Structures are given as C-alpha cells and as structure tokens.
Amino acid sequence: MAASGRGLSRVIGASSCPAWRGAHWEARGRLKPEYDAVVIGAGHNGLVAAAYLQRLGVNTAVFERRPVIGGAAVTEEIIPGFKFSRASYLLSLLRPQIYIDLELKKHGLRLHLRNPYSFTPMLEEGTGNKVPRSLLLGTDMAENQKQIAQFSRRDAQAFPKYEAFMNRLALAIDPLLDAAPVDAEAFQRGSLLQRLKSLSTLKPLLQAGRVLGAQLPQYYQVLTAPITKVLDQWFESEPLKATLATDAVIGAMTSPHTPGSGYVLLHHVMGGLEGMQGAWGYVQGGMGALSDAITSSATAHGASVFTEKAVAKVQVSSEGRVQGVVLQDGSEVRSKVVLSNASPQVTFLKLTPQEWLPEEFVDRISRLDTQSPVTKINVAVDRLPDFLAAPNAPGGQPLPHHQCSIHLNCEDTLLLHRAFEDAMDGLPSHRPMIELCIPSSLDPTLAPPGCHVVSLFTQYTPYTLAGGKVWDEQERNAYADKVFDCIEAYAPGFKGSVVGRDILTPPDLERIFGLPGGNIFHCAMTLDQLYFARPVPLYSSYRCPLRGLYLCGSGAHPGGGVMGAAGRNAAHVVFRDLKSM
Ligand SMILES: Cc1cc2nc3c(=O)[nH]c(=O)nc-3n(C[C@H](O)[C@H](O)[C@H](O)COP(=O)(O)OP(=O)(O)OC[C@H]3O[C@@H](n4cnc5c(N)ncnc54)[C@H](O)[C@@H]3O)c2cc1C
C-alpha cells in the first residue's frame, strides 16, 4: 500500500500564490536563498512555530522531507477511497489560544466532538449473559454513574469526586504548558538581567501550587505513583479501573503498575475541545486537515512550506553560530535561526555537526529513552463493526458507541499488565490492549458510502523481537491477524468486513514518520524526561548549546500529542532572541 500524494517537489506559500484545491494547498514556487528563520519539518509543531513567527514579522520557511505535511498529524489515502488519520487520530490537547491566534476555523478547521467518548465492551464468556455488559462513558455524569453502577455502586458514587480531583490537577498544570520551563541555569549563573528575567518563569509553577493548595501531597502522589495504586484508592471495579488506566499507559512502554504512569494519564485528560475540558474529537477530513489549517494560516501571512525537501545538515559559521541549512539536494538556505521540529535525536545526532556540541550533551541525547509499545493499524471496512455487547441497528447506521474510543482487552488491569509483560519478554502481546476508533462514524467524508475507516491503536509491541529478530512481513501480518482475532471475539464478522489494512510497527513509525524507536512522543514522557529535563536537563528552554539552533517539537517541553505548545513556546523564545541579536 503506497502513500498517496507523491509527486514533484511542491511549495506551499504566499510568495508563490497558492491555490486552494479542496483540502490541500497546491502551488509551485522558487526557493529563496535566505529567510529570517528556517524550520526543519512540517509536523504540526513546526507549522505552528512558523505561523507565529511569520505573524511576528519573521520571514519563515519550513522544509519537510515527506511529500505530505503534518508529520504525525496527517491524513493519507493509503487505501483508495479511504482517508486515514494515519498516525494520530484524536484531537483534544491543542492549546486553546492557538485556535484563536491562528484563526484555525477561518482557515477551514472543522471538529466533531464525541459524546459519549469511551466504550469498553466485555466478553463475559461462560457467564450466561446473552448480551455481555459494557461500560459507556460520556459527559452526562448521571448517565455515567448508571453505567458504572452495573459493576459497583460504590464506584458510581466515587466517580464525580474522582473527576473533580483530576480536573483540578489538570487546571493546575495548564499554565505550565504555555511557557518555557524554569530556566535553572540562568537563575543560578546568568547576568543580573538574565536572573531577573528567569524569575518570571517561576510564575506558572507558583500558580500551579496555588491551585493545588493543601492537597499538593495527594497530587504529587498521582504524578509519581503507579496508576493502579491511585485508582485502587478510588475504585473497586476492574472494568472502570482498566478503562481509566488505558490513558495512563497509552503510547508508553509501561505497565499500569509502573511508578509515574499517573502523569501520562494526566497528559491525556488535560485537554479539551470547544470549551469542554477533557473532551476529545475528530477533525473533519482527518488530522491532516488540522495541519492544512495551520499551514493556511502561516502561508496567508507570508510563510513558505516546502514538501519533499529534506534537510541534510544545519550550517554553522566558523564562529559557532547557526547560519542556515543544507538540503539533501545540495541547496543551501541561509537564515539567522533554525528551529527543528525533528526529534532531539535526529536534530542533534544526525543534522547538527557534532564538533559544535559538547560531548556530554551528545551523550545525554543519545541516551534518551525512546522505547515505544505502539503498533498502529489502519483498516478499511465495508460495514460497521457489530459488537456483541451493543448490537447494530437494523439499518446499520452508526450508534453512539461507534463514535467512542472502543477499549478492547481492557476489562481488567491485569490484562493490561500481562500485555506489557509479553513485550518485556520480546513478544508482541498475546492479548494486546486495543483502542479502536471509527472516525467515519461522525465524518462521512473519510470513506465511501456505507464503508468506514477504523483506527487501531495497539500495544504492546517491542521494537526488536525476542532473540534480536526484526519485524518482517510475516511477523507484521501475524500480529495484525492476532489483533483482528481479538476484535472478532467482541464483534463477530469484523474480519469479513476488512477491505484493506496498513500495519505500522515501531520500526515502521520510525522509518515513515522519523520517530526514533517509533516513539509517538519523540521520546518517552517519563518523569525524568519532562519539564526542565525535556529533552535533557539545562536545555529545556528550546535552546541548545549551539547558538541559533532551537527545538520546536514534541521532544521539547511540554512533550507529545497534538498540542502545538512546543511550537508556540519555541516561536516566542526565538522571537525574543532575534530581537536581541
Ligand atoms: C500512531 C500515533 C498515534 C497518535 N495518536 C495521537 C492522538 O490521537 N492524539 C494526539 O494528540 N497525539 C497522538 N499522537 C502523538 C502526536 O501525533 C505527536 O506527538 C505529534 O503529532 C508530534 O508532532 P510534532 O510536530 O512535534 O512532530 P512530528 O509530527 O513528528 O513532525 C516532525 C516532522 O519533521 C520531519 N522531519 C524529520 N527530519 C527531517 C529532515 N531532516 N528534514 C525535513 N523534515 C524532517 C518529519 O518528517 C515530520 O514531518 C500519536 C502519534 C502516533 C505516531
């Protein structure tokens, strides 16, 4: 299955009079020899950075190695007639001010909110239950409590208190996302002016402390404990605990029993859509339509975005200052600053001349934890899955649970832990954790009439298999078959509905999207790689030891997810530095 959109190098930019054709900009133009700023990579963060810089009057060009923009926020028609959010598929984390500042609605962004949003069907084989039970969660608290009461009345009572507790933590963390972390280096060793300036970076931390108040120790525990320990304090029923625990391990090579898994859970509940905290939705036209809207906003102000233009190297002057990039085709593009949307490992180990980076810094970057458990499978089907726990309507039209994140093999936390343990033995999980989504249940533009696109976010799959074996076609298909067998058990007939599939193991995610180890966040979101330690201690302010080079992607604070925060924060840091140049 080949990616669509291959063709001649394209430039998307105001300078070349872009033409809007359906959901994509298409235009040609000439590369200029010099810009104020160059961005390596047109992931959504690189595009956000370019859009902000250009609005601030900094002439910016973005160079993307792939034929499509968006990085992991992309739509690709990998099976004719079916448009897939090939990597990320759900929107929630994008910072609210980015919608406003970049006028994303005006630039074509349309969202489909999901309510209900979570569906966990059971199998309940041998229990005599004709229709197995399921847990459906949405924004209606009374309805949620009814659903939870099927499993535990006590949990139903505790649920609103748990939600309020977690929401308060999300609220406290919120201001920390929109600014560079505390600059400990400047605070300690900078000039008086730098020290005074760095004091302002303390403000969001103090704000967070104020929101949490006397409950700070309890919240500290949520961030550092295994999520099982946290959830056990609140609840007793496994279907609820396991459903909530999925958010704590998603994208992470960790078990719900691993300390620190609470932070990943928080990372996944701290977003919101259209003013609804914690809501997740689908982007009309797939995730690539978000990247298109950001691009449209950037280019409307004069930025240029080039596809199929891989950057080979960052250019450094003899005085040790960044002066542009060299593209893979040999062309040189000068700029005052370079922002890299590529991962820290690609940026500092592959694209930056090593002689300009301190050995200790290079060593730390090369030791970043980039392990990932994720295999994404994109599936085209000719009818909606029909779950035993919630049978389809006679006409086959989507029912409320079809728009949810459908959690399979998630009715017990032990199942999740066992799935993790398999990967620790070098094996793909025997019963993988599966998050099944059907974006076409709300957005019919994605598939031919009656057909659907199904997104399977699955884990755990190690990068290298036991005995050092690499993933080949046979291993890849065997794993996908196993995932399909699991789905078949919950929704008989699923296998017969499959028209085509696209299997992306960790090495595939690395090769196609440039994600080291296949890590969906560029590097793991473990406590030791967050905030002022992201990507490494002392270099969390988007700057690095080489003057004029900046990180603006998920490998920088506040990390992965379609947030745009790293791009926006980096643009502000770069703009301040440019003013003092
Ligand atoms: C399978 C999967 C599912 C996910 N699901 C979700 C989800 O549902 N919701 C969510 O919020 N997040 C999700 N994520 C995480 C989220 O998609 C990423 O964290 C985020 O999109 C990363 O954005 P970015 O702009 O920082 O980097 P990227 O999207 O990785 O962009 C970096 C860009 O740089 C380009 N590049 C690299 N090297 C060069 C070079 N030398 N020259 C030119 N260009 C270069 C790459 O091609 C790429 O386009 C998912 C990720 C994956 C992989």
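**Figure 1. Polar contacts of the ligand with Leu90, Val311 and His44 in the predicted model.** A polar backbone atom of Leu90 lies 2.8 Å from a nitrogen atom of the ligand. The backbone of Val311 also takes part, with a polar atom 2.9 Å from a ligand nitrogen atom. From His44, a polar side-chain atom is placed 3.2 Å from an oxygen atom of the ligand. Of the 1,000 Å² of accessible area that the ligand has on its own, the protein covers 96%.

**Figure 2. Residues that surround the ligand.** The ligand is surrounded by 34 residues. The closest of these are Glu64, Arg65, Ser554, Gly561 and Val562.

**Figure 3. The aromatic pair of Phe159 and Phe235.** The model holds 16 aromatic pairs. In the pair shown, the ring centres of Phe159 and Phe235 are 6.3 Å apart and the planes stand at 40°, an arrangement classed as tilted. Phe159 belongs to helix α4 (residues 153–173), whereas Phe235 is found in the loop between α9 (227–234) and α10 (238–249), so the pair ties together parts that are 76 residues apart in sequence. Both rings belong to buried residues: the relative accessible area is 1% for Phe159 and 2% for Phe235.

**Figure 4. The edge-to-face pair of Tyr162 and Trp234.** The ring centres of Tyr162 and Trp234 are 5.6 Å apart; because planes over 60 degrees apart count as edge-to-face, the angle of 75° places the pair in that class. Tyr162 is in helix α4 and Trp234 in helix α9, 72 residues apart, and the pair thus links distant parts of the chain. Tyr162 is buried, with a relative accessible area of 3%. Through ring pairs, Tyr162 and Trp234 join a cluster with Phe159, Phe165, Tyr219 and Phe235.

**Figure 5. Arginine side chains placed over aromatic rings.** The charged end of Arg114 sits over the ring of Tyr282, at 5.3 Å from the ring centre. In a second example, the charged end of Arg501 sits over the ring of Phe484, and the distance to the ring centre is 5.0 Å.

**Figure 6. The surroundings of Thr352.** Thr352 is located in the loop between α13 (344–351) and α14 (359–366). With a relative accessibility of 3%, Thr352 counts as buried, because the limit for a buried residue is under 20%. The side chain of Thr352 reaches the backbone oxygen of Thr347 at 2.6 Å. Leaving aside residues up to four places away in sequence, Thr352 touches Val314, Thr347, Leu357, Leu546 and Leu549.

Definitions and conventions:
Residues numbered from 1 in each chain as written. Predicted model: local features only at pLDDT ≥ 70, side-chain atom pairs only at ≥ 80, totals over all residues. Heavy atoms only, no water. Phe/Tyr/Trp six-rings, centres within 6.5 Å; stacked < 30°, edge-to-face > 60°. Helix = DSSP H or I, 4+ residues; strand = E, 2+ residues; numbered from the N terminus. Buried < 20%, exposed > 50% of the residue type's maximum accessible area, 1.4 Å probe, protein only. Lys NZ or Arg CZ within 6 Å of the ring centre and 35° of its normal. Polar contact = N/O pair within 3.5 Å; in protein donor to acceptor, adjacent residues only side chain to side chain. Contact = heavy atoms within 4.5 Å. Near = heavy atom within 4 Å. Areas by Shrake-Rupley, 256 points an atom, 1.4 Å probe, with all protein chains shown as cover.
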